[in-house]
There are 4 protein chains.
Amino acid sequence: MPAPSRPPASEDSPPRRGRRKQARPGELLEAALALFAEKGFAATRVEEIAARAGVSKGTLFLYFPTKEDLFRAVVRESIAGRFDEWNQEFETFQGDTPEMLRYCMRSWWERLGATPASGITKLMLSESQNFPEVAAYYQAEVIAPGKDLIRRILERGVARGEFQIADLECAVYSVIAPMIFLMLNKHSVAACLPESAHIEPLRYVEAQATVLLQGLRRRDS
Amino acid sequence: MPAPSRPPASEDSPPRRGRRKQARPGELLEAALALFAEKGFAATRVEEIAARAGVSKGTLFLYFPTKEDLFRAVVRESIAGRFDEWNQEFETFQGDTPEMLRYCMRSWWERLGATPASGITKLMLSESQNFPEVAAYYQAEVIAPGKDLIRRILERGVARGEFQIADLECAVYSVIAPMIFLMLNKHSVAACLPESAHIEPLRYVEAQATVLLQGLRRRDS
Amino acid sequence: MPAPSRPPASEDSPPRRGRRKQARPGELLEAALALFAEKGFAATRVEEIAARAGVSKGTLFLYFPTKEDLFRAVVRESIAGRFDEWNQEFETFQGDTPEMLRYCMRSWWERLGATPASGITKLMLSESQNFPEVAAYYQAEVIAPGKDLIRRILERGVARGEFQIADLECAVYSVIAPMIFLMLNKHSVAACLPESAHIEPLRYVEAQATVLLQGLRRRDS
Amino acid sequence: MPAPSRPPASEDSPPRRGRRKQARPGELLEAALALFAEKGFAATRVEEIAARAGVSKGTLFLYFPTKEDLFRAVVRESIAGRFDEWNQEFETFQGDTPEMLRYCMRSWWERLGATPASGITKLMLSESQNFPEVAAYYQAEVIAPGKDLIRRILERGVARGEFQIADLECAVYSVIAPMIFLMLNKHSVAACLPESAHIEPLRYVEAQATVLLQGLRRRDS
DNA sequence: CATGAATGAGACTTCATTCAT
DNA sequence: TATGAATGAAGTCTCATTCAT
């Protein structure tokens with residue numbers, strides 16, 4: 001019997017009223033993220049979100065006062081403390097930096113890119129100008145920490161004599177850009193194209209890492 | 001001699017009726033591209049577009065039957081034959097391939113990224129799922145030719161012994177991803193941030209090209 | 001004494017939510033018929049219809065997707081199975097055919113002409129060219145069965161030696177024309193004139209029937 | 001140069017500018033009548049009317065200040081003095097009254113029903129409630145004189161011992177109704193049906209006259 | 001006089017939000 | 001708490017009317 005994911009106490013399988021109630025906001029956020037990412041904020045109807053979450057329109061407004069508040073909650077929840085765990089992992093990473101960077105890119109895909117959370121990236125890209133305060137929040141909570149993490153890895157490589165980097169600030173984007181590109185690709189044109197035209201994520205990540213690591217490698221005098 | 005009352009001699013300031021007729025569609029397309037890229041299709045009101053183009057709501061519908069048709073025209077017009085010129089330039093390029101690739105990335109920024117046309121990239125990313133047929137058109141007219149162009153440059157480098165590339169198909173994205181990232185950055189989060197947080201495009205392009213060329217360079221046995 | 005058709009249990013003035021849901025479409029159709037008949041389809045604003053039905057604009061669209069669909073529903077509902085009852089009545093009519101025809105004309109007025117359903121006649125007359133498919137439906141469901149009914153009555157009279165009719169097909173119109181004229185008169189010029197200028201329906205019907213029956217009567221050799 | 005402002009007498013066949021100018025209002029009225037009768041006032045666009053008259057939208061407003069004014073002119077022009085001629089003809093009619101009435105019905109069809117002027121009948125029927133003052137005008141100028149004319153014919157028949165009429169006022173409608181019905185039929189459902197379903201006007205008129213005359217005929221004690 | 005590009009009031013329709021049940 | 005019928009502000013689009021050419 002599978003343990004319930006969210007509600008801690010009484011564990012009974014059939015989703016009774018009480019159980020559901022606990023889960024509602026999460027289901028709504030999940031549905032909202034998927035639809036916002038697919039169609040954009042303005043083009044998504046709250047009724048669709050409610051339907052996808054299996055509740056009625058009115059119920060949605062029980063948990064989120066307005067559609068905009070739902071949007072903000074989607075961003076906030078999709079992000080919440082995602083970096084803490086990741087940061088710690090890299091603080092204590094054993095091994096050489098090239099491998100660390102390759103591992104970083106792989107987990108980026110596995111933990112974010114391949115999950116629904118990747119929709120947030122597209123969402124922020126599309127909507128940041130319509131929600132400046134959310135964009136600022138995202139910048140502070142995701143972009144800045146993310147860049148910091150990458151920068152620390154690159155600095156480690158330089159310090160250990162593994163990397164030789166002329167412009168550290170820009171080199172950060174050499175890691176970020178291919179990963180963002182991969183996530184966005186999944187949510188945009190690729191979604192309209194036949195399978196055959198899709199990028200193969202794993203192969204793509206390895207290839208990008210390979211070129212990148214070659215590009216950053218220390219050149220002996 | 002009494003000077004003509006209305007149309008003063010000055011070249012074109014108070015545009016004559018006839019001239020306007022010709023210019024209107026272009027002005028509307030320009031306004032529409034800017035606003036669609038900024039706020040998305042659904043969140044942009046046709047009245048805003050008309051106002052930005054300096055005409056009234058009704059006038060817009062004189063040239064474009066519906067808002068969706070305007071969207072399609074925006075994409076089509078922003079693209080029209082942009083690759084022909086570029087392709088030819090590279091067919092006849094003299095010089096080594098690393099320089100060619102660096103030049104390619106520079107002109108990408110100068111001719112597209114730095115211009116309003118870069119909005120199309122964000123627009124297609126945001127709206128492709130809402131306009132699958134436009135996405136297909138964009139794929140056929142922009143993405144595919146663009147990838148072809150890059151691939152031919154990479155193949156030239158390999159053929160001339162300048163590049164050593166394990167996965168050609170993915171290496172194409174090593175060129176594309178940083179450029180797309182730069183263009184999108186300009187139209188999203190960066191637009192909400194203080195100047196200081198912006199990427200410096202020229203420095204960024206040089207840095208990406210440097211790392212990339214190092215990464216592609218032939219390694220002697 | 002006619003019992004009230006609509007509000008059944010007169011007591012409950014503030015109609016319950018559920019009851020309304022059931023009644024709404026009917027109320028809207030009634031309001032729409034009245035206004036379409038009065039002003040025509042194009043000149044009637046949906047907001048007026050909604051207001052007359054005691055609801056807001058948006059509510060109308062909860063029940064009818066478009067104004068045109070509302071129009072189609074008005075025609076369809078005003079007609080639905082109106083002939084079945086009438087037909088049966090005449091199948092089993094006892095008595096001589098002149099009386100039968102006179103009764104037919106009287107009930108035509110009482111059951112249709114004097115009711116709001118008479119508006120459909122004006123409506124179809126005014127709008128048939130704007131809604132050809134509705135006109136075809138009306139032809140098939142109302143005009144053809146109506147003519148058939150009249151024709152059968154006339155044939156009965158001929159068969160029983162009561163009538164002598166040179167051109168049966170056209171004689172059908174000798175019955176129809178005065179009745180249609182009466183119904184249309186009520187909805188057009190008469191509506192703009194002082195009471196005094198109106199036709200008195202009952203007297204009119206009797207007079208038309210009298211002249212007509214005299215005109216159809218068998219002339220002994 | 002003060003050229004003659006209007007085109008004077010000069011009579012040349014090819015419709016020169018001058019000639020056309022004179023004809024414009026008439027062509028516009030003709031086009032307007034046809035379209036108003038077909039689609040109704042509100043559903044007809046002034047641009048269509050102008051196009052059908054072979055002029056531009058702006059030109060129409062040179063002759064008629066508003067669409068409503070055009071409507072009023074259409075009604076007024078289509079009617080202008082149509083009864084004077086007809087009245088005189090019947091004042092001096094030689095022959096028996098049944099033939100007179102039959103002739104009246106025939107000419108009604110030939111001079112009105114079969115011409116575009118028959119559209120006015122449908123138009124007034126459809127629009128009278130939207131233009132009460134036009135309806136009053138029509139009542140005074142057409143309906144009242146028309147009924148008078150018919151009444152005088154019937155009275156002549158009674159006076160000459162040819163007719164025996166119980167309700168003279170209503171008997172007038174026994175003449176009018178079938179003729180109005182025929183004209184309306186042509187402009188409504190019939191216009192949407194295959195040829196085969198149409199009424200044959202000449203046969204129809206003769207048949208109605210025959211039944212009617214039989215119905216009015218004096219019955220010997 | 002004639003044109004047709006431009007206007008903007010007004011119509012249809014959508015959809016976030018409310019609230020009686 | 002959950003529902004979904006009802007609302008009305010707001011958006012797209014139409015078209016009578018104006019006016020510079």
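Let's start with DNA strand E, which has 37 residues around it, where "near" means that a heavy atom of the residue lies within 4 Å of the strand. The nearest are K67(A), R24(B), T59(B), Y63(B) and T59(D). Of the strand E atoms that come within 4 Å of the protein, 67% belong to sugar and phosphate.

Quick housekeeping. This is a predicted model, so to speak of a local feature we need pLDDT of at least 70, side-chain atom pairs count only at pLDDT 80 or more, and totals for chains, interfaces and linings use all residues. Residues are numbered from 1 along each chain as its sequence is written, chains are lettered from A and ligands numbered from 1 in the order in which they are written, and side-chain values use heavy atoms, leaving out hydrogens and water.

Back to strand E and its phosphates. A polar backbone atom of S56(B) sits 2.9 Å from a phosphate oxygen, and for S56(D) that distance is 3.1 Å. K67(C) also brings a backbone N or O atom to 2.8 Å from a phosphate oxygen. By class, the surface here splits into 10 nonpolar, 10 polar and 17 charged residues; charged means Asp, Glu, Lys and Arg, nonpolar means Ala, Val, Leu, Ile, Met, Phe, Trp, Tyr, Cys and Pro, and the others, Gly among them, are polar.

Now the other strand, F. Here 36 residues surround the DNA, and the closest are R24(A), T59(A), R24(C), T59(C) and Y63(C). Sugar and phosphate make up 67% of the strand F atoms within 4 Å of the protein. The side chain of T59(C) puts an N or O atom 2.5 Å from a phosphate oxygen, and a polar side-chain atom of Y63(A) is 3.1 Å from one. S56(A) uses a polar backbone atom, at 3.2 Å. The class count near strand F is 10 nonpolar, 10 polar and 16 charged.

Last stop, chain C against chain D. How many residues of each are in contact? It's 44 from chain C and 44 from chain D, with contact meaning heavy atoms within 4.5 Å. The two chains bury about 3,800 Å² between them, 67% of it on carbon and sulfur atoms; that's the accessible area (1.4 Å probe) lost on putting the two parts together, summed over both.

There are two salt bridges across this interface, each a side-chain nitrogen of Lys or Arg within 4 Å of a carboxyl oxygen of Asp or Glu. One of them joins R203(D) to D167(C), with the closest N and O atoms 2.6 Å apart.

Conventions:
A polar contact is a pair of N or O atoms within 3.5 Å; within protein, one must be able to donate a hydrogen and the other to accept it, and residues adjacent in sequence count only if both atoms are side-chain atoms.
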